[in-house]
Amino acid sequence: MLNLKNPNLYNNRELSWLQFNTRVLKQAQDESLPLLERLKFLAIYGTNLDEFYMIRVAGLKKLFAQGVIVSGADKLTPMQQLREIRKYLHQEQQVLEHCMGGILKKLEDENLYIKSYAEVNNQQKHKLNQYFKENIYPVIIPIAIDATHPFPHLNNLSFGLIVKLLDSDDNSIERFGIVRIPRVLSRFIELENGVYVPIESVVAEHIDELFPGYILDKYASFRVTRNADISIEEEEADDFMEILEEGLRLRRKGEIVRLEIGSNTDEEIVEFFNKHTNVYKRDIYRFNSFLNLSSLWQIVSNKDFAHLTLPPFKPKNLPPLDGNEDIFKTLENQDILLYHPYESFEPVVKFIQTASKDPDVVSIKMTLYRSGTNSPIVHALMHASESGKQVTVMVELKARFDEENNLIWAKALEKSGAHVIYGIKGFKVHAKAALVTRRTDGGLKQYAHIGTGNYNPSTAKIYTDMSYMTSKDVVTNDLTRFFHFLTGFSKKGSLNELYMSPSQIKPKLLSLIQNEARKKKDGHIIAKVNSLVDEDVIRALYKASQAGVKIELIVRGICALKPGLKGVSENIRVISILGKYLEHARMFYFKNDATQIYISSADWMPRNLVRRIELLTAIKDNVAKEKILQVLQLQCSDNTLAHELQSDGTYIKVKRDPSSRAVNNHKLLEDYVNRISKATKKETANTISKLAARLYVES
């Protein structure tokens with residue numbers, strides 16, 4: 001019998017993630033996309049890589065330093081993974097710089113330039129000199145380094161210049177220094193509309209003003225990346241907020257895990273810098289272009305060049321939520337399923353805002369993971385609390401890189417009188433749920449929202465997610481138990497209609513997969529997740545494939561499963577979709593299950609299924625079920641944005657048969673929602689329903 005624990009049957013999760021970021025880079029290389037759209041993907045690539053080094057690479061380095069040999073199903077050791085990661089990234093850097101150079105060259109034809117100080121004309125140099133004097137000089141930080149001036153601490157993602165200076169009176173006297181460029185300064189100086197100058201080239205031109213009596217011999221820009229993972233010993237934490245705040249302070253001081261050096265690199269400069277920072281040589285990356293790709297958002301966001309991005313899409317409010325309807329009466333009559341960003345997130349915000357003002361509402365309970373800045377939902381919760389309603393909010397303070405923002409909201413909510421919970425010891429609360437309790441003629445009535453994404457109106461415009469809204473007692477009663485579990489103590493933590501991790505979701509998923517396996521060739525699974533890593537789930541899928549089940553997986557990011565292996569996974573197809581929107585929804589179809597359709601906040605990873613509080617929701621409303629199945633089928637048919645995973649761990653762009661229709665699921669869904677929205681202005685509800693069904697079939 002085949003050993004399904006054989007490490008050759010699994011992709012390494014870190015190397016699979018690198019493949020995902022390569023697909024992001026390929027979007028930047030796609031010449032069919034507008035130029036600033038391509039530049040946007042370079043910014044995303046850079047941001048992704050920053051976080052990967054801060055968390056994943058830092059974690060592997062820590063494991064190696066402690067002598068811990070921990071590996072996943074692929075059995076690669078931390079050192080083996082680090083070697084492969086460094087090799088991969090150094091090779092890809094050449095592709096990255098070639099891609100960037102090509103984009104910037106073509107942008108010049110559109111009158112958009114990134115020029116160094118030396119490349120601009122005298123009039124522009126005068127303008128830059130004035131800008132330096134008024135905006136940079138007062139806040140820049142020149143630091144001499146010698147026996148009396150120790151090497152400074154550099155916070156995570158610190159950016160600046162390393163300089164070698166010569167005494168203007170005696171050139172044989174050499175000095176080294178650092179110029180820290182604070183984040184409050186723009187990465188690029190916009191000379192005039194469409195002309196950007198990297199700030200480091202302006203600073204380098206004025207070194208003599210920062211170090212009077214010295215002249216610049218050579219310099220290089222630098223950027224450091226530190227270990228940013230916050231380790232919290234919850235058993236020792238009497239005040240969780242206090243220990244998290246301390247963790248945020250320590251994040252800025254973690255071990256340096258990467259050093260990026262910009263153009264004009266000189267080995268003497270690098271050696272001087274690394275003598276003090278001690279970064280492993282293979283974690284030093286030398287760039288011919290400028291550093292900090294995420295800063296390209298500054299240029300992408302220039303509205304005067306919006307024609308160089310994809311046309312914006314305005315999310316629509318579709319029936320029955322397209323007017324001034326009573327949201328509570330609507331939910332008493334029917335369930336609602338919204339697919340963001342095609343359908344607006346506004347009804348979800350309105351749901352909470354209406355509840356906060358409704359005199360009949362007695363309580364609102366919510367989970368908040370990443371709510372964003374200036375959140376209308378949080379403001380509504382504060383208003384509800386201040387007006388006397390019972391407001392309970394589970395604010396997950398451990399949401400990585402949103403900890404500080406969540407701390408601010410948690411304190412503001414507490415100040416308004418809300419009951420704020422800061423998490424469950426040992427777990428992250430990643431479930432997305434809201435529950436409103438309201439007085440009606442028949443007593444108390446409850447209304448629920450369960451989502452696959454965060455309560456963040458900004459990201460809801462670019463992330464694809466599902467929102468399920470209902471007043472069905474079987475769901476709302478379970479959500480009441482769910483919130484009781486969060487606020488109180490429970491040894492079971494199980495629900496009846498919904499499924500909650502860590503105790504229920506994984507067994508349910510395994511049961512659903514095994515049920516399809518029993519049906520053999522009549523079995524069919526379609527699953528859409530962000531990441532697939534859990535070994536037990538993968539082995540269950542392998543067994544189902546061996547039994548003849550047709551399995552279609554839409555996995556945006558990490559996929560440890562290998563499709564197409566003879567005798568193991570021949571019936572499994574895996575695609576990844578990258579495009580205008582970030583695929584974030586988790587939704588599943590199991591042909592032979594009584595319910596068939598599920599949505600979830602959880603990916604198929606151990607952290608989601610074992611170490612987090614998540615929700616899996618069975619969708620029983622027929623209209624909602626059909627809608628989700630149609631979206632899944634549409635994405636499986638995508639031949640424009642999809643990349644297909646090969647058995648060796650690489651991805652190949654899905655090629656369209658020239659005789660077949662192009663299927664870009666993002667574009668088709670935009671067109672579909674636009675047509676429905678226009679039709680609602682003049683057609684009946686029954687006609688709209690028929691049109692919707694026809695459009696999905698056509699797609």
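This briefing walks through the overall build of the chain, its first helices, its cavities and a few unusual spots in the backbone. Keep in mind that you're looking at a predicted model. The chain has 20 helices and 27 strands. Its radius of gyration is 27 Å, close to the 27 Å that the globule rule gives for 699 residues, so the chain is as compact as a globular protein of that length. If you line the C-alpha trace up along its principal axes, it spans about 90 × 65 × 60 Å.

**How the first helices pack**

- Two packed helices are described by the angle between their axes and the distance between the axes.
- Start with α1, which covers residues 13-29: α1 packs with α2 at an angle of about 165 degrees, and their axes are 8 Å apart.
- Any angle over 145 degrees counts as roughly antiparallel, and α1 and α2 are therefore roughly antiparallel to each other.
- The crossing where α1 passes α2 is left-handed.
- Next, find α2 (residues 35-65) and α3 (residues 78-108), which also pack at an angle of about 165 degrees, this time with axes 11 Å apart.
- That angle makes α2 roughly antiparallel to α3.
- The contact of α2 with α3 involves 23 nonpolar residues, one polar residue and five charged ones.
- As for handedness, α2 and α3 make a left-handed crossing.

**The largest cavity**

- Rolling a probe the size of a water molecule over the atoms shows where empty space is left.
- In this structure there are four cavities of 30 Å³ or more, and the largest has a volume of about 200 Å³.
- A total of 18 residues line the largest cavity, and those nearest its centre are Leu 49, Leu 96, Arg 258, Glu 260 and Phe 287.
- Which elements each supply at least two residues of this lining? They are α2, α3 and β8, the last of these being residues 256-261.
- Helix α2, which you met in the packing section, gives the largest share of the lining, with five residues.
- Sorted by class, the lining of the largest cavity has ten nonpolar, four polar and four charged residues.

**The second largest cavity**

- The second largest cavity holds about 90 Å³ of space.
- It is lined by 15 residues, and the closest to its centre are His 340, Phe 345, Gly 453, Asn 454 and Asp 465.
- Two strands, β16 (443-451) and β17 (463-470), each supply at least two residues of the lining of the second largest cavity.
- The largest share comes from β17, which provides four residues.
- By class, the lining of the second largest cavity is made up of five nonpolar, nine polar and one charged residues.

**Cis peptide bonds**

- Remember His 340 from the list of residues closest to the centre of the second largest cavity? The peptide bond from His 340 to Pro 341 is cis, and its omega is near 5 degrees.
- To find Pro 341, look in the loop between β10 (336-340) and α11 (346-357).
- Another cis peptide bond runs from Ser 501 to Pro 502, with omega near 15 degrees.
- Pro 502 sits in the loop between β18 (499-501) and α15 (505-518).

**Positive phi angles**

- Asn 111 has phi near 65 degrees, which is a positive value in a residue other than glycine.
- You'll find Asn 111 in the loop between α3 and β1 (113-114).
- Leu 157 is another residue other than glycine with a positive phi, near 65 degrees.
- Where is Leu 157 found? Look in the loop between β2 (141-145) and β3 (159-167).

Note on methods: Residues numbered from 1 in each chain as written. Predicted model: local features only at pLDDT ≥ 70, side-chain atom pairs only at ≥ 80, totals over all residues. Heavy atoms only, no water. Axes fitted to C-alpha atoms, helices over the stretch in contact; angles between N-to-C directions. Parallel < 35°, antiparallel > 145°, perpendicular 65-115°, else oblique. Left-handed = near helix turned anticlockwise from the far one by under 90°. Nonpolar A, V, L, I, M, F, W, Y, C, P; charged D, E, K, R; others polar. 1 Å grid on protein atoms, 1.4 Å probe; cavity = no way out; pocket = protein on both sides within 12 Å on 5 of 7 lines; lining within 4 Å. Points joined across faces, edges and corners; volume = space filled by probe spheres on them. Rg over C-alpha atoms; globule rule 2.2 N^0.38 Å.
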